[in-house]
Amino acid sequence: MKKILFVTSEVYPLIKTGGLADVSNGLPKALASLGQEVRLVLPNYHGLKLANRPELVSLLRVDGHTVQLLETMLPGSNVVIWLVDCPKFFDVEGNPYVDVFGNSYKDNAERFALFCRVAIEIAMNRAQLDWKADIVHCNDWQTGLIPALLSLEYQCPATVFTVHNMAYQGIFSGLTAAMLHLPGQLLSVHGLEFHGMISFLKGGIAYADKITTVSPTYAQDIQTPALGYGLEGLLVYRSDDLMGIINGIDGEWNPETDPLIAQNYTANSLQTKSVNKTALQTRLNLPVDGSVLLLSLISRLVEQKGIDMLLDCLPELLLLPVQIVILGSGDKIFEQRLFELAAAYPHKMALTLGYNETLAHQIEAGADVFLMPSRFEPCGLNQMYSQRYGTLPIVRHTGGLADTVVDTLPETMANHTATGFVFNDAHAGTLLEAVKRATLLHSFPEVWQQLQTNAMSRDFSWQNSAEQYLALYESIE
Ligand code: ADP
């Protein structure tokens, strides 16, 4: 049995801005059910969704700050969460990284440096919790200083650093670095230094015993200049310690039991999925039509997700016998262009701006096709949810999308492995081409149903991923 300290800046259902929150819920739970002792560390943000008042378990002085450690449980599990309570840094309005106006907090470096230092006190059993970690599993730049600082400790636990998205690096000026009181030996070009600045992400990659990313293809992608963000050389250098493990998906994304959808269904009762299509069309004021191909997209509306590609082909796409539902929020320019198109095509397009977990479930259940034209995608969750809901994904061949969706080709149809539609080039034209392929196949109900059955039989369980992480932990001690 391993004692694993899982350090994360967000965890569902307490707080979520993206896929990291889902991983931070699913992986610790799955590791616990494999018999491991997992504890989470999370900042005590303003507005955490907590069922009960957390219990005060420790009081620390760290780097000149007074910090309380509060204890709560990850809902539906026996996983303990330690909340790092430092109101000056975390009891502020806004999400974990940006203020209510969408600007990064000015003190992000100090906020997450303190978070890292507290996690180290816990890991090293210096937080009066009578618990020492065997493994510290760090996630994304917010935790990048942990492997770096731990490397200076005597008898430190082993470290795993998972990159969920290379696009977010935690780069700060040299001046900020000085404010963080980091030991000089960490600041060299082999350490945190990055073009005269410091990079938290680089700290994780340079110093962790093992580095993982969230899909095997993304582990390759980030070793190239296109997706390595200047760290590709270091990643190639560390490639023997770098691997990709696909995320699992949470049990609550299951059409058989999902309480948020109009009609539960399985691969054996696929015809009843249409009840969800009708409910979705009704809810979103689209004409109720069972035969039209209902396309969907749930996403942060940012360039990474290929929203510009979709916008470029939408006017032509809407000439096809399709409807499209979009749920998302993000860049104002994308929101505005989508809004204008939705207003121009009210019978074909329904746009919901904002974040809505319930509607996300209803879209997965009600749509025929899910679009994910990402320029890059470390793992991606929605293409896996979609397959479990028999909603065929159309994805670009990149990162985790390439690893989890099998394109519909004569041979993959024949051997029943096809689960969606994959296109290569990041162009509106190739995306449109893939939509046309889907539209054509949708007119053959038996073929479509076979594809749905193939998709729904895929195993995207957390157990599968957790076993791979456990094997990795065992390889480093
Ligand atoms: P990323 O972490 O890059 O945003 P992922 O596909 O890995 O992308 O995870 C996104 C998660 O956030 C999924 O669970 C997705 O359903 C959810 N999501 C994104 N935007 C919205 C939204 N507007 N409303 C509800 N859920 C959303």
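Start with the whole chain in view: the protein chain holds 19 helices and 18 strands. Its radius of gyration is 23 Å, close to the 23 Å that the globule rule gives for 477 residues, so the chain is as compact as a globular protein of that length. This is a predicted model. Turn the C-alpha trace along its principal axes, and the protein chain spans about 65 × 45 × 45 Å.

**Stop 1: the first loop**

Select Tyr 12 and Pro 13. The peptide bond that leads from Tyr 12 to Pro 13 is cis, and its omega is near 5°. Where does Pro 13 sit? Pro 13 belongs to the loop between strand E1 (3-7) and H1. Keep helix H1 (19-33) in mind, as it returns at the ligand stop, where it is among the elements that give two or more residues to the shell.

**Stop 2: two hairpins in a row**

Select strand E3 (residues 55-62) and strand E4 (residues 65-73). These two strands run antiparallel and are joined by seven bridges. To see one pair across the two strands, show Glu 55, which stands opposite Glu 71 in E4. E3 and E4 make a hairpin that has two residues between the strands. In that turn, look at Asp 63, which has a positive phi of about 50°.

Now add strand E5 (residues 80-85). E5 pairs with E4 in the antiparallel sense, over six bridges. Which residue of E5 is the bridge partner of Glu 71? The partner is Trp 82. E4 and E5 also form a hairpin, this one with six residues between the strands. Gly 76 lies in the turn and has a positive phi of about 75°.

A general point helps when reading such pairs: strands of a sheet pair through backbone hydrogen bonds, either parallel or antiparallel. In a regular strand, the side chains alternate between the two faces of the sheet.

**Stop 3: a three-stranded sheet**

Move on to an open sheet of three strands, with the order E8-E10-E9 and antiparallel pairing. Strand E8 (171-172) and strand E9 (193-194) are the edge strands, each pairing on one side only. Select E8 together with strand E10 (residues 197-199): they pair in the antiparallel sense over two bridges. For one of the residue pairs, show Ile 171, whose bridge partner in E10 is Ser 199.

**Stop 4: a single residue in a loop**

Select Tyr 229. This residue is in the loop between helix H8 (225-228) and helix H9 (232-237). Tyr 229 is not a glycine, yet its phi is positive, at about 50°.

**Stop 5: the ligand**

Select the ligand and show what surrounds it. There are 19 residues around the ligand, and Gly 19, Arg 300, Lys 305, Gly 354 and Asn 356 come nearest. The residues of this shell divide into seven nonpolar, eight polar and four charged.

Next, display three side chains in turn:

- Lys 16: an N or O atom of its side chain is 3.1 Å from an oxygen atom of the ligand.
- Asp 22: a polar side-chain atom lies 3.4 Å from an oxygen atom of the ligand.
- Tyr 385: an N or O atom of its side chain is 3.4 Å from an oxygen atom of the ligand.

How much of the ligand does the protein cover? On its own the ligand has 560 Å² of accessible area, and the protein covers 92% of it.

Colour by element to see where the shell comes from. Helix H1 (19-33), strand E13 (293-301), strand E14 (322-330) and helix H14 (382-388) each give two or more residues to the shell. E13 gives the most, with three residues.

Finally, colour by domain. Domain 1 (3-248 + 462-475) and domain 2 (267-456) each supply at least three residues to the shell around the ligand.

Key. Residues numbered from 1 in each chain as written. Predicted model: local features only at pLDDT ≥ 70, side-chain atom pairs only at ≥ 80, totals over all residues. Heavy atoms only, no water. Near = heavy atom within 4 Å. Polar contact = N/O pair within 3.5 Å; in protein donor to acceptor, adjacent residues only side chain to side chain. Areas by Shrake-Rupley, 256 points an atom, 1.4 Å probe, with all protein chains shown as cover. Helix = DSSP H or I, 4+ residues; strand = E, 2+ residues; numbered from the N terminus. Nonpolar A, V, L, I, M, F, W, Y, C, P; charged D, E, K, R; others polar. Domains from an automatic or database assignment. Pairing = 2+ DSSP bridges. Rg over C-alpha atoms; globule rule 2.2 N^0.38 Å.
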